[in-house]
Amino acid sequence: MPTLRTTTMLSSGSSLLHARYLHQSSVRQFTRLSSTQLGRANAPRSEAHVLLVFQQRRHQSSSHNANEQKPPLPPSRLLLRALRQSLSLRPIFSAFRGQSLRSLFRQSPEELVLAIILLFVAAGISVYVIYTYFNYFQSRQFTRFPPQIAKSLRRALYYSNYSPDPKLALKYYKLALQQCSEAGLDPFSDEVMGVRIQLAAWFEKIGSHRNSIAALEALLQDCKKWVELIEKSAQDGLVDASGRMAGTPTPPGPVSEEDSESETDTIPENLWAKRTRILGKSVGISVKLGELYADEHVLQGDSAGEHLVWAVETVLKELQRRQVEGVKEGEGDWMSPEQIGGALEALGHHYESKSQFYLAAPLFLQAITLSPPNSCHTAVIMNNLAISLAQQPVNTPTNPSQASKVGRSNVVARPTRSTLLASARSWALQAQETAKKVQGENRTNECDEACAVALCNLGDIAAMAGDIEEARRRFQESLTLSKRIEFAPGAAQAQEGLGRLSKAQ
């Protein structure tokens with residue numbers, strides 16, 4: 001009994017302790033649970049309050065900016081953004097990294113190599129397009145014009161060279177000239193006259209020779225009228241010695257030497273300098289008109305001769321005036337020797353085309369003296385002189401009495417056929433030697449072609465002199481050289497010469 005009682009008491013005591021422990025733990029859990037539930041009960045209220053305030057602010061901001069629209073981006077920025085996105089190479093480079101590149105090569109090596117080649121081709125095309133844009137469309141030939149005129153000229157050249165459309169090209173050429181007039185640009189400036197010359201060159205390029213002639217004729221007449229007006233004003237005393245209109249104040253000169261060096265390029269040209277420039281342009285335009293009138297699509301030899309004669313006469317008159325009167329203030333240099341020789345050569349070709357070799361030979365001779373000695377074109381002019389001398393007619397006296405009268409007179413007798421052929425052969429040999437001596441950067445395909453033509457001319461001259469073997473040898477040499485340099489006209493002329501010799505035998 002006592003033992004059982006004690007055990008009962010112990011068990012009851014332990015139960016009591018256990019009950020107390022459970023009670024305390026339940027109290028602690030209740031306390032924790034109560035605080036947690038209380039926090040949770042308060043949390044929805046605070047979250048609801050924050051959401052309400054956020055929605056109110058959002059509603060206020062949206063209602064506040066409802067009627068305000070963001071300004072649209074300019075087209076240039078949109079274009080740049082689209083171009084940047086389209087030219088982004090990040091996805092491509094991300095694929096060509098480390099393991100991705102190896103796996104792609106293992107899966108399909110041919111396609112990968114082709115993709116890399118296409119990528120480099122696309123990069124090359126992009127570089128070329130960018131280079132062309134900045135080197136051509138942003139060059140000084142456009143930037144020296146006002147923006148609107150430059151825009152019209154870019155479009156005109158685009159529809160002339162890159163995407164040919166004659167109607168649109170002509171439209172923008174006319175628009176550019178109209179804009180030049182409205183902007184008050186000088187119609188005789190290099191820029192405006194350059195646009196008109198470019199229009200004529202474009203007409204010639206598309207085969208409209210009549211329109212090209214009309215454009216150049218109008219420009220030439222305007223230049224002639226301006227030069228005549230200035231010369232008349234100078235005769236009337238309206239232009240002073242400094243090349244300005246009488247009564248016009250002289251611009252102040254530079255104060256120091258540094259100012260003079262910086263303002264060298266900004267000094268405006270006076271009337272004498274402008275006259276020199278416009279007169280030189282007129283000579284060049286007249287020579288070009290002579291070439292156009294003599295073209296096979298036009299064939300107006302008389303008009304061609306008139307323009308070429310006027311050009312040569314104008315060049316010689318201006319040279320003579322400067323020798324007599326001297327160079328006026330600010331007048332500048334006259335045409336270069338090469339330019340003067342070009343005008344003389346063009347007139348010589350005109351006389352040669354009309355079989356007036358006695359008029360062509362002196363012009364070619366004068367052109368040779370003005371042409372640089374170390375030039376392939378000098379050899380070409382020598383060939384022209386040689387053939388002109390060889391084809392000149394010889395009028396011999398019909399009887400000895402007339403010959404004696406000619407000998408006693410002061411008139412110089414015409415050279416004989418043998419003399420002309422000897423002179424022609426000498427010039428042909430000189431043309432060949434000149435073409436051989438040209439070396440370095442000065443040597444062009446024109447030198448080889450001049451050699452082939454000189455050999456052919458030597459064959460013609462030998463045939464005229466009756467030396468058949470010499471003629472055949474020269475023709476054969478010309479044919480071999482022409483085939484080697486792929487000069488079709490020279491080969492055709494040499495074969496024609498050999499054919500004539502075969503028929504003669």
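There is one disulfide in this structure, which is a predicted model. The partners are C376 and C447, with their sulfurs 1.7 Å apart. The torsion about the S-S bond is -85°, so the link counts as left-handed. What gets tied together here is a pair of distant parts of the chain: C376 belongs to helix α16 (residues 376–390), C447 belongs to helix α19 (residues 445–465), and 71 residues separate them. Both C376 and C447 are buried.

Other cysteines are worth a look while you're here. C451 has C447 as its closest cysteine by sulfur position, but the gap is 7.0 Å, too far for a bond; the cut-off for calling a disulfide is 2.5 Å. C451 counts as buried because its relative accessibility is 8%. C180 is buried too, at 2% relative accessibility.

Now step back to the whole chain. The protein has 21 helices and zero strands. Of its 505 residues, 30% count as buried. Take the contacts with a separation of 6 or more: 61% of them are between residues 24 or more positions apart.

Helix α9 makes a good way in. This helix has 16 residues, and its first and last C-alpha atoms are 22 Å apart, close to the 22 Å expected at 1.5 Å a residue. Which residues of α9 are buried? They are V192, M193, V195, R196, L199, A200, W202 and F203. If you scan that list for spacing, it helps to recall that an α-helix has 3.6 residues a turn, so residues three or four places apart point the same way. The cover over the buried residues of α9 includes α7 (147–162), α8 (166–182), α10 and α12. After α9 comes G207, with a positive phi near 90°.

One of those covering helices, α12, deserves a closer look. Two packed helices are described by the angle between their axes and the distance between the axes. For α9 (residues 190–205) and α12 (residues 271–293), the axes come within 13 Å and cross at roughly 5°. Angles under 35 degrees count as roughly parallel, and α9 and α12 are therefore roughly parallel to each other. On the α9 side, the residues that meet the partner are D190, M193 and E204; on the α12 side, they are R277, K281, K288 and L292. Sorted by type, the residues of this contact are two nonpolar, no polar and five charged. M193, by the way, turns up both in this contact and among the buried residues of α9.

Moving along the chain, you reach helix α10 (residues 209–235). With 27 residues at 1.5 Å a residue, α10 should span 39 Å, and its end C-alpha atoms are indeed 39 Å apart, so the two agree. Following α10 is G237, again with a positive phi, this one near 80°. H209 lies in α10 and is buried, because its relative accessible area is 11%. What does H209 touch, leaving aside residues up to four places away in sequence? The list is F203, E204, L292, D295, H297 and V298. Two of these names should look familiar: E204 and L292 also take part in the contact of α9 with α12.

Next, the loops. Between α12 and α13 (301–325) sits L299. L299 has a positive phi near 55°, although it is a residue other than glycine. Is L299 buried or exposed? Exposed, because its relative accessibility is 61%. S355 is another non-glycine residue with a positive phi, about 60° in this case, and its place is the loop between α14 (337–353) and α15 (357–370).

The loop between α13 and α14 holds E329. At 49% relative accessibility, E329 counts as partly exposed, because the exposed class needs over 50%. What makes E329 interesting to follow is its partners. E329 and A241 are 88 residues apart in sequence, while their C-alpha atoms are 7.1 Å apart in space. Setting aside residues up to four places away in sequence, E329 touches A241, S242, N270 and W272. W272 brings you back to α12, which runs over residues 271–293.

Note on methods:
Residues numbered from 1 in each chain as written. Predicted model: local features only at pLDDT ≥ 70, side-chain atom pairs only at ≥ 80, totals over all residues. Heavy atoms only, no water. Helix = DSSP H or I, 4+ residues; strand = E, 2+ residues; numbered from the N terminus. Buried < 20%, exposed > 50% of the residue type's maximum accessible area, 1.4 Å probe, protein only. Axes fitted to C-alpha atoms, helices over the stretch in contact; angles between N-to-C directions. Parallel < 35°, antiparallel > 145°, perpendicular 65-115°, else oblique. Contact = heavy atoms within 4.5 Å. Nonpolar A, V, L, I, M, F, W, Y, C, P; charged D, E, K, R; others polar. Expected span 1.5 Å × (residues − 1).
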